[in-house]
Amino acid sequence: MWMKKSKTISDQEFAQEFERGILRSAFVSTFWAVIQARKVETGFTLTQLADRLGINKSAISRWFSGTKPNWEISTIADIANALDVDVEVTVVDRHSNRRFGPAGEIRNPTRAPSTNRICVTSRRVSDGNSPSTDVVVTQIIRSEAA
């Protein structure tokens, strides 16, 4: 008798894929928040974003309508550039709560009074060989009013 084998994944693999999905969702949600704010402020459209990126509007629509985009870093950078926003990445150690950025440890994170911030966080599952960390992705929307 022939039986179909089903692929099962471990709890760790499931958790790892779940955390990746959360981080992916954080980027999509953050960019969508920027688009919605721009739409209210200036009438910005997905067609304008597509034009700035040099791609078809249908691709943009798919990104923000439930299809999980698997963006590369270059795509995230291109979207941020097209929206005229900066993306900051901060890593937070789960045990000590110390924060690290590209320039090293962040001792006293400060917030510029003239910026609005949208923060999203995703925990990374440790593989047992490296220290556990939280990945915090912060999207800054520059404020016109100072």
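Arg-98 is partly exposed, with 41% relative accessible area, and it makes a handy way into this predicted model. Its side chain meets that of Glu-105 in a salt bridge, 2.9 Å from N to O. Glu-105 is itself partly exposed, at 27% relative accessibility. Salt bridges with shared partners tie Arg-98, Glu-105 and Arg-107 into one network. The Arg-107 link also goes to Glu-105, with the closest N and O atoms 3.6 Å apart. Unlike the partly exposed Arg-98, Arg-107 counts as exposed, with a relative accessible area of 66%.

**The salt bridges side by side**

How many salt bridges turn up in a search of the whole structure? The search finds 3, and here they are.

| Salt bridge | N to O distance |
|---|---|
| Glu-17 and Arg-20 | 3.7 Å |
| Arg-98 and Glu-105 | 2.9 Å |
| Arg-107 and Glu-105 | 3.6 Å |

Take the Glu-17 and Arg-20 bridge next. Both residues sit in helix H1, which covers residues 11-42, and they are 3 residues apart, so about one helical turn separates them. Glu-17 is partly exposed, with 40% relative accessible area. Arg-20 is partly exposed too, at 46%.

**Helix H1, inside and out**

H1 has 32 residues and spans 46 Å from its first C-alpha to its last, close to the 46 Å expected at 1.5 Å a residue. Right after H1 comes Gly-43, with a positive phi near 80 degrees.

Which residues of H1 are buried? The list has nonpolar names such as Ala-26, Phe-27, Val-28, Phe-31, Val-34 and Ile-35. It also includes Glu-19, Arg-24, Thr-30 and Arg-38.

Now for a part of H1 that faces out. Phe-14 belongs to this helix, and it counts as exposed because its relative accessibility is 52%, past the 50% cut-off. Phe-14 joins Ile-9, Phe-18 and Ile-22 in a nonpolar patch on the surface, and together the four have about 390 Å² of accessible area. So if you scroll along H1, you'll meet the exposed Phe-14 as well as the buried Phe-27 and Phe-31.

**An aromatic cluster**

Phe-27 and Phe-31 turn up again among the ring pairs. A search of the whole structure gives 6 aromatic pairs. One of them is Trp-63 with Trp-71, an edge-to-face pair with 5.2 Å between the centres and 85 degrees between the planes. Why is that pair called edge-to-face? The angle of 85 degrees is over the 60 degrees that the label requires, so the pair qualifies. Both Trp-63 and Trp-71 are buried.

Zoom out a little and ring pairs link Phe-27, Phe-31, Trp-32, Trp-63, Phe-64 and Trp-71 into a cluster. Of these, Phe-27 and Phe-31 are on the buried list for H1.

**The protein as a whole**

What pattern do the helices and strands follow along the sequence? Reading along, you get α-α-α-α-β-β-β-β-β, which fits a count of 4 helices and 5 strands. The protein has 146 residues, and 31% of them are buried. It exposes about 10,300 Å², with carbon and sulfur atoms supplying 51% of that area. Among contacts between residues at least 6 apart in sequence, 60% join residues at least 24 apart.

Here's one example of sequence distance against distance in space. Asn-81 and Arg-52 are 29 residues apart in sequence, while their C-alpha atoms are 9.0 Å apart. Asn-81 is part of helix H4, residues 73-83, and it is exposed, with 62% relative accessible area.

**Two loop residues with positive phi**

Just past H4, have a look at Asp-84. It lies in the loop between H4 and strand E1 (86-93). Its phi is positive, about 60 degrees, although it is not a glycine. Asp-84 is exposed, with a relative accessible area of 56%.

Where does Asn-97 lie? Asn-97 is in the loop between E1 and strand E2 (99-101). Its phi is near 65 degrees, again a positive value in a residue other than glycine. Asn-97 counts as exposed, at 53% relative accessibility.

Methods
Residues are numbered from 1 along each chain as its sequence is written. This is a predicted model: local features need pLDDT of at least 70, side-chain atom pairs count only at pLDDT 80 or more; totals for chains, interfaces and linings use all residues. Side-chain values use heavy atoms; hydrogens and water are left out. Rings of Phe, Tyr and Trp (its six-membered ring) pair if their centres lie within 6.5 Å; planes under 30 degrees apart count as stacked, over 60 as edge-to-face and the rest as tilted. Buried means under 20% relative accessible area, exposed over 50%, partly exposed in between (1.4 Å probe, protein chains only). Patches are made of residues with over 30% relative accessible area and no salt bridge: like charges are joined within 9 Å, nonpolar side chains (Val, Leu, Ile, Met, Phe, Trp, Tyr) within 5 Å. Accessible areas come from the Shrake-Rupley method with a 1.4 Å probe; for residues, only the protein chains shown count as cover. The expected span of a helix is 1.5 Å times one less than its number of residues. Contact means heavy atoms within 4.5 Å.
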